[in-house]
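Here are a few exercises to work through with the structure open on your screen. Take each task on your own before you read its solution.

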There are 2 protein chains.
Amino acid sequence: MKKIINNLADIIDEMMNGLAGSYADKIHRVDDSRVLAQNDIAEKRVALVSGGGSGHEPAHAGFIGDGMLSAAVVGDVFTSPTPDQILTAIDEVDQGEGVLLIVKNYTGDILNFEMAQEMSEMNDHEVAIVVVDDDISVENSEFTAGKRGVAGTILIHKILGDAARNGASLSELKELGDQTVAKIKTIGVALGAATVPEVGKPGFKLGEEEIEFGVGIHGEAGYRREKIRPSKELAQELVTKILADYAKKPTKVGVLVNGMGATPLMEQYIFMNDVLHLLADEGVEVTFTKVGDYMTSLDMAGISLTLIDLGDENLVAALQSEVSTIAW
Amino acid sequence: MKKIINNLADIIDEMMNGLAGSYADKIHRVDDSRVLAQNDIAEKRVALVSGGGSGHEPAHAGFIGDGMLSAAVVGDVFTSPTPDQILTAIDEVDQGEGVLLIVKNYTGDILNFEMAQEMSEMNDHEVAIVVVDDDISVENSEFTAGKRGVAGTILIHKILGDAARNGASLSELKELGDQTVAKIKTIGVALGAATVPEVGKPGFKLGEEEIEFGVGIHGEAGYRREKIRPSKELAQELVTKILADYAKKPTKVGVLVNGMGATPLMEQYIFMNDVLHLLADEGVEVTFTKVGDYMTSLDMAGISLTLIDLGDENLVAALQSEVSTIAW
């Protein structure tokens with residue numbers, strides 16, 4: 001295994017310190033914690049907290065900033081943060097208007113964030129949870145009951161962060177979050193596996209020309225392996241499957257093409273070009289686009305495609321509003 | 001070779017269209033050209049143009065925007081754009097105040113940008129060139145006389161773009177550019193080679209635990225191969241070598257840790273953490289930081305470290321000023 005690290009035991013600490021040290025104008029690490037938090041949290045607003053296992057950088061700390069998250073809780077690699085770590089984040093950011101937790105749908109994360117919610121309520125915090133389960137590739141999975149939460153989570157960060165900045169209450173945010181999650185659908189394709197530092201070898205093995213559809217961001221099994229095909233055909237499969245999953249085909253969508261970590265932007269742009277052509281052929285108008293590495297899986301090669309139904313114009317405005325984060 | 005592409009002959013076209021299609025609010029592709037240009041170029045200002053071979057995305061088109069570049073010229077993979085393509089960019093962006101070309105120091109790029117400068121002067125454009133040669137690893141190289149131009153180029157985009165926005169003349173920009181290039185020093189480390197699509201196999205081969213110091217962004221040979229060491233020791237080697245290369249050790253610096261394409265942000269943050277500690281130990285104050293994939297080499301694994309002497313406070317302000325680009 002070739003990785004730019006020191007001792008395995010120090011990976012998360014050093015990563016957090018490097019990140020906080022690089023962007024000290026925006027974020028800080030809460031002392032002796034696994035929490036990265038915004039420097040100047042606006043008063044009289046609901047605070048947003050997300051988090052999960054490490055290895056998905058820039059998620060989630062890269063999305064801390066006014067109009068997005070107030071804090072991110074950082075677990076070990078591909079491992080949920082613990083309830084006390086999440087509680088530290090809630091204590092840090094609550095401005096008296098309550099805290100919304102945005103959680104990707106993995107069994108461990110759900111358990112720990114719910115436990116933190118219970119504990120925090122004993123501390124007089126008002127806390128709600130929005131669960132993101134945008135990955136429509138497979139039902140249930142290695143670490144998940146139901147669908148997995150993947151790249152679409154960053155759209156929830158942005159939309160709810162914008163609403164919170166505009167004064168939405170905790171219950172309004174919870175309702176908007178649940179409604180919006182249902183509009184977001186993602187499928188990934190892996191070309192190569194990630195190597196978790198503590199494991200030291202790739203999490204799965206693909207043949208020299210083989211790809212796998214529907215792989216999760218921790219390397220969870222997808223729904224089909226086959227020989228790699230041209231970008232156009234990959235795009236066709238993903239666009240068709242995602243559009244078919246909507247009860248009613250959307251007339252306007254946002255498109256997020258997300259790199260898994262080791263896939264050059266060149267390929268992501270080529271894939272996006274194919275997606276945009278296919279959506280035009282389908283008569284679906286694209287009113288928001290984003291392409292790059294936002295929800296990665298360490299050094300996994302591959303991409304995911306996320307569509308969000310943007311029939312509601314307010315969502316477009318929320319996605320386009322200005323923020324000053326590290327990574328949006 | 002597993003890549004998300006269609007026909008090899010269409011890679012650049014499709015990449016440019018995907019990029020322009022994703023960010024149509026900011027940039028457009030000049031018809032039938034290899035030029036991506038800013039949508040609303042401010043009048044009465046010198047325009048900045050950069051470019052070079054593809055494969056370094058988000059460089060250079062990701063840095064188009066008010067306060068940075070006005071246009072980027074896109075060559076084939078790892079191949080200079082041709083003079084007529086560069087001339088198209090100059091024609092597109094010149095607002096009557098002249099055009100500054102920012103060129104990485106590779107023989108092919110220098111030849112073609114200089115040729116374009118000559119041709120454009122016949123068209124009554126006033127054009128100057130700033131050559132960036134920040135890679136201090138080796139003198140001369142496979143495609144370079146002198147030192148190579150690498151990740152430090154994005155700092156030049158930012159500093160000169162800010163100066164142009166503030167009304168600097170073409171000759172002032174040329175002078176500021178030449179002075180600033182001399183303050184920027186970079187060394188890279190490769191953990192694995194990139195695969196150029198047209199070639200179909202990695203450009204060089206490293207042993208299972210081997211790394212190479214000083215590799216260029218096209219896979220040009222570096223100065224030493226050895227077994228991978230902890231991040232702290234890699235950082236020590238790069239920081240020491242770069243500081244020693246300054247005639248007078250700077251008291252204040254900016255730090256750019258740049259991912260080569262396939263290296264997770266986690267590792268980049270850990271490396272940055274080590275660099276920041278080493279600079280503190282050296283008594284060097286860090287007044288600007290940036291970490292991420294800015295000047296890549298397709299799917300090369302590795303990083304580069306860039307330092308810029310920021311003794312001049314104006315440079316800090318220029319680096320920190322607000323811009324709205326795709327990738328800064």
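**Exercise 1.** In which sense, parallel or antiparallel, do strand β2 (residues 35–38) of chain A and β4(A) pair, and over how many bridges?

*Solution.* Keep in mind that this is a predicted model. Strands of a sheet pair through backbone hydrogen bonds, and the pairing may be parallel or antiparallel. Here β2(A) and β4(A) run in the antiparallel sense, with 3 bridges between them. To find one of these on screen, start from A:Val35, whose bridge partner in β4(A) is A:Val73.

**Exercise 2.** Place these strands in their sheet: what is the strand order, and which are the edge strands?

*Solution.* Start with the order, which is β1-β2-β4-β3-β5-β6 of chain A, an open sheet of 6 strands with mixed pairing. Next, look for strands that pair on one side only: these are the edge strands, β1 (27–29) and β6 (127–132) of chain A. From one strand to the next, the twist averages 25°. Now add the helices. Helix α3 (residues 107–122) of chain A packs on the sheet and touches β3, β5 (99–104) and β6 of chain A, its direction making about 170° with that of β6(A). Helix α4 (residues 153–165) of chain A also packs on the sheet, touching β3, β5 and β6 of chain A, and its direction makes about 170° with that of β5(A).

**Exercise 3.** Check the length of helix α1 (residues 11–22) of chain B: what span should its 12 residues have at 1.5 Å a residue? Then decide whether the helix is mostly covered or mostly uncovered.

*Solution.* The expected span is 16 Å, and the end C-alpha atoms of α1(B) are 16 Å apart, so the two agree. For the second part, count residues under 20% relative accessible area. In α1(B), 9 of the 12 residues are buried, so the helix is mostly covered. Among the buried ones are B:Ile11, B:Met15, B:Leu19 and B:Glu14.

**Exercise 4.** Which residues does a cis peptide bond join in chain A, and which in chain B?

*Solution.* In chain A the bond joins A:Ala59 and A:His60, with omega about 0°. In chain B it joins B:Ala59 and B:His60, with omega about -5°. To locate the first, go to the loop between β3 (47–54) and β4 (71–77) of chain A, where A:His60 lies.

**Exercise 5.** Is A:Leu298 buried or exposed, and what is its phi?

*Solution.* A:Leu298 sits in the loop between β11 (285–292) and β12 (301–309) of chain A. Its relative accessible area is 2%, so A:Leu298 is buried. Phi of A:Leu298 is near 50°, a positive value in a residue other than glycine.

How values were computed:
Residues are numbered from 1 along each chain as its sequence is written. Chains are lettered from A and ligands numbered from 1 in the order in which they are written. This is a predicted model: local features need pLDDT of at least 70, side-chain atom pairs count only at pLDDT 80 or more; totals for chains, interfaces and linings use all residues. Side-chain values use heavy atoms; hydrogens and water are left out. Helices (H or I, at least four residues) and strands (E, at least two) are DSSP runs, numbered from the N terminus. The expected span of a helix is 1.5 Å times one less than its number of residues. Buried means under 20% relative accessible area, exposed over 50%, partly exposed in between (1.4 Å probe, protein chains only). Two strands pair if DSSP finds at least two bridges between them. Axes are lines fitted to C-alpha atoms, for helices over the stretch in contact, and angles run from 0 to 180 degrees between N-to-C directions. Contact means heavy atoms within 4.5 Å.
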